[in-house]
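Here is a short report on a protein model. It moves from single residues to the whole chain.

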Amino acid sequence: LDGYASSRLAWTVIRQAAEFKPRERTGRYRASAGMLFRADAGHSRISFEDYAIATIDEVENPKFLRTHMALGY
């Protein structure tokens with residue numbers, strides 16, 4: 001990360017939740033800056049399908065440039 005941080009690149013590290021597996025696509029997710037997303041109930045999960053949607057959303061409309069983005073429900 002030091003190499004990225006010292007560069008002029010526009011980068012984002014996208015972290016999936018602790019539970020990461022195929023499920024039904026909901027089109028909903030929550031994102032936060034950080035290493036691991038935990039919901040209010042304490043769980044940490046996201047589907048492959050919603051992770052893909054979130055990744056495309058971030059590419060098209062960046063909100064977490066030059067930092068970590070954690071995903072979950």
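L9 is partly exposed, because its relative accessible area of 49% falls between the 20% and 50% limits. In this predicted model, L9 sits in the loop between α1 (2–5) and β1 (12–15). Together with L1 and Y4, L9 makes a nonpolar surface patch of about 310 Å².

Two polar residues sit on the other side of the burial limit. S44 has a relative accessibility of 7%, so S44 counts as buried. H68 is buried too, with a relative accessible area of 13%. The table sets the three residues side by side.

| Residue | Location | Relative accessible area | Class |
|---|---|---|---|
| L9 | loop between α1 (2–5) and β1 (12–15) | 49% | partly exposed |
| S44 | loop between β3 (30–33) and β4 (45–47) | 7% | buried |
| H68 | strand β5 | 13% | buried |

What does the side chain of S44 reach? It reaches the backbone nitrogen of A18, at 2.9 Å. Leaving aside neighbours within four places in sequence, S44 is in contact with A17, A18, E19, L36, F37 and R38. W11 is 33 residues from S44 along the chain, and their C-alpha atoms are separated by 24 Å.

H68 pairs with R15: their side chains make a polar contact at 3.1 Å. Beyond four places in sequence, the contacts of H68 also include L1, V13, S32, A33, G34 and M35. L1 thus appears twice, in contact with H68 and in the surface patch with Y4 and L9.

Now the core. In soluble globular proteins, nonpolar side chains tend to be buried together. The largest nonpolar core here has seven residues: A17, I46, Y51, A54, F64, M69 and L71. Two elements, α2 (48–60) and β5 (67–72), give two or more residues each to this core. L71 touches the core members A17, I46, Y51 and A54. Among the other residues that L71 touches are I14, R15, Y29 and F37. A17, one of the core residues, is also in contact with S44.

The whole chain comes last. The secondary structure comes to two helices and five strands, in the order α-β-β-β-β-α-β along the sequence. The C-alpha trace spans about 35 × 25 × 15 Å along its principal axes. Of the 73 residues, 25% count as buried. The protein exposes about 5000 Å², and carbon and sulfur atoms supply 51% of that area. Among contacts with a separation of 6 or more, 77% join residues 24 or more positions apart.

Methods:
Residues numbered from 1 in each chain as written. Predicted model: local features only at pLDDT ≥ 70, side-chain atom pairs only at ≥ 80, totals over all residues. Heavy atoms only, no water. Core = buried A, V, L, I, M, F, W, Y, C linked by side-chain atoms within 4.5 Å. Buried < 20%, exposed > 50% of the residue type's maximum accessible area, 1.4 Å probe, protein only. Helix = DSSP H or I, 4+ residues; strand = E, 2+ residues; numbered from the N terminus. Contact = heavy atoms within 4.5 Å. Polar contact = N/O pair within 3.5 Å; in protein donor to acceptor, adjacent residues only side chain to side chain. Patch = residues over 30% accessible without salt bridge, like charges linked within 9 Å, V, L, I, M, F, W, Y side chains within 5 Å. Areas by Shrake-Rupley, 256 points an atom, 1.4 Å probe, with all protein chains shown as cover. Salt bridge = Lys/Arg side-chain N within 4 Å of Asp/Glu carboxyl O.
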